[in-house]
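Dear colleague,

Here is the structure we talked about handing over, with the sequence alongside. Please look through it with the notes below open next to it.

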Amino acid sequence: MTTDPLLGPVAGTMDWSLHRIRRMPAPKPMLTPHSSGVHRLRGGDSFDSLPVACMIVSAAGRVERANPRAAEVLRQPLEALLGAEVGSVLAPIRDLAESALAGMEERTRRRLEVGGESFVVGFRASSLGPSGGFSVVFQDITHWDHVRKDRDRLMQLAGVSEVLPAILHELRNPLAAMAANLELMIEEPRERTAEDLHALLGEVRRALLTLDGLGSVDHQLHDRRNHAVDLAIREVCRVLTGQAKARGVTLHLEVEDMPLLPFKRAVVRAIAFNLITNALHAGRPGGQVWVSARVQEDEFQLEVRDDGEGMGPDVLARCKELFFTTKSKGTGIGLALCDRVVRNARGRLHVASETNRGTTVELDIPVSAPPSTDRPPPDVKVLPKE
């Protein structure tokens, strides 16, 4: 489900139509046999005149009423809709229930295919009360869907130009350190070679984590295979220890030994890297950063806490917004992408902060993969009538 400002006019009409349906007298639909053997519904002039496609669906998931606009949008004869199972023509009954529970602020997109033609429908559902069933309004939003995708591509291009200087800045420091170490090794090849190689390896890992922090975090978290998540978090902390010392911040690590979890190591590293880096940047000389992780009651829990500058209420309210940052060289994408990947995994990312008292970021993620993790939810596919 999604809320998109581009679909405002469409949503407004859908809201008005649902309001009209609620004000109509509760129908006692009488499906009577038509001469062709297909059921038709008598009456319903007001229902048929609504400007968007509408259907009344029974608690059993059958279409009891449908207006002519519904037949037009779904590319199906009206007779074929009446009495049909709603999952075969629009969406499963559970999706209607979820839409009704989400309320008027949420709408669902569904891609359909009829006779080889693919199109996108946006719908909202409303419960009909104790008797069960749903009223559903929907529109063909294929054009708006194309516009939204074009807008998203433009935003991605704009985002690249916006964050590229910050990415280069984050990579410049480890690259400069590597160059300095290599110069020393060339000038003094017989001294401290092993120590210098370890320093080089640390800077290489830091650069790779920087790229992971901006790339891998945009992927799905759950994986088909299990991985050592605790080792991934410890690796991030080990790489960032040098940065913490350079800032005069002490990094405390409390990561419990965990069983192998169905999480992608690169994504876990990216999340940990972003959260810990944010905490280090907020820290002050002599400050502290605590990192803890555990598995409790089938939930993976990660907490990053600092005693740094903190955030006021206005900044806290916007801290998860994409591209929002108060740092002169910040990207404003790390926390936003972490929040998105956690929500996609059916988890929760909570931020608590007070000015001059520090910030705590807590995330809880179910270990079990959500149904839609391995592949996107299957689109409803309506085969042409024979």
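**What was found**

In strand β7, the residue that serves as the bridge partner of Phe123 is Phe138. That pair belongs to the antiparallel pairing of β6 with β7 (residues 134-140), which extends over seven bridges. Please bear in mind throughout that this is a predicted model.

Staying with this part of the chain, six residues lie between the strands in the hairpin of β6 and β7, and Gly129 there takes a positive phi near 100 degrees. Strand β6 also pairs with β5 (residues 108-114), again in the antiparallel sense and over seven bridges, and within that pairing Arg111 has Val120 of β6 as its bridge partner. The hairpin formed by β5 and β6 has two residues between the strands, and Gly115 in the turn has a positive phi of about 55 degrees. Strand β6 (residues 117-127) is largely enclosed by the rest of the structure, because eight of its eleven residues are buried.

As for the chain as a whole, it has twelve helices and 14 strands, and 43% of its 386 residues count as buried. Among the contacts between residues at least 6 apart in sequence, 65% join residues that are at least 24 apart.

Further along the chain there is an open sheet of five strands, in the order β9-β11-β12-β14-β13, with mixed pairing. Its edge strands, each of which pairs on one side only, are β9 (250-255) and β13 (348-354), and the twist from one strand to the next averages 10 degrees. Within this sheet, β11 (residues 288-296) and β12 (residues 299-306) run antiparallel and are joined by eight bridges; Arg294, for instance, has Gln301 in β12 as its bridge partner. Helix α10 (residues 265-282) packs on the sheet, where it touches β9, β11, β12 and β14 (358-366), and its direction makes about 20 degrees with that of β12. Helix α12 (residues 334-344) packs on the sheet as well, touching β13 and β14, with a direction that makes about 145 degrees with that of β13.

Helix α10 deserves a closer look. Of its 18 residues, 14 are buried, so that the helix is mostly covered. At 1.5 Å a residue, its 18 residues should span 26 Å, and this agrees with its end C-alpha atoms, which are 26 Å apart.

Turning to the interior, the largest nonpolar core has 42 residues, and those that touch the most other members are Ile233, Leu275, Ile276, Val291, Phe300, Leu302 and Leu363. The largest share of this core, nine residues, comes from α10. If its neighbours within four places in sequence are left aside, Ile233 is in contact with Val255, Val268, Val291, Ala293, Phe300 and Leu302. There is also a second, separate core of 26 residues, among them Met55, Val57, Ala71 and Ala91.

Finally, a word on the cysteines, since they may matter to your handling of the model. The structure holds zero disulfides. Cys54 is buried, with a relative accessible area of 0%, and Cys319 is also buried, with a relative accessible area of 11%.

With best wishes

How values were computed:
Residues are numbered from 1 along each chain as its sequence is written. This is a predicted model: local features need pLDDT of at least 70, side-chain atom pairs count only at pLDDT 80 or more; totals for chains, interfaces and linings use all residues. Side-chain values use heavy atoms; hydrogens and water are left out. Two strands pair if DSSP finds at least two bridges between them. Helices (H or I, at least four residues) and strands (E, at least two) are DSSP runs, numbered from the N terminus. Axes are lines fitted to C-alpha atoms, for helices over the stretch in contact, and angles run from 0 to 180 degrees between N-to-C directions. Contact means heavy atoms within 4.5 Å. A disulfide is a pair of cysteine sulfur atoms within 2.5 Å. Buried means under 20% relative accessible area, exposed over 50%, partly exposed in between (1.4 Å probe, protein chains only). A nonpolar core is a set of buried Ala, Val, Leu, Ile, Met, Phe, Trp, Tyr and Cys residues joined through side-chain atoms within 4.5 Å. The expected span of a helix is 1.5 Å times one less than its number of residues.
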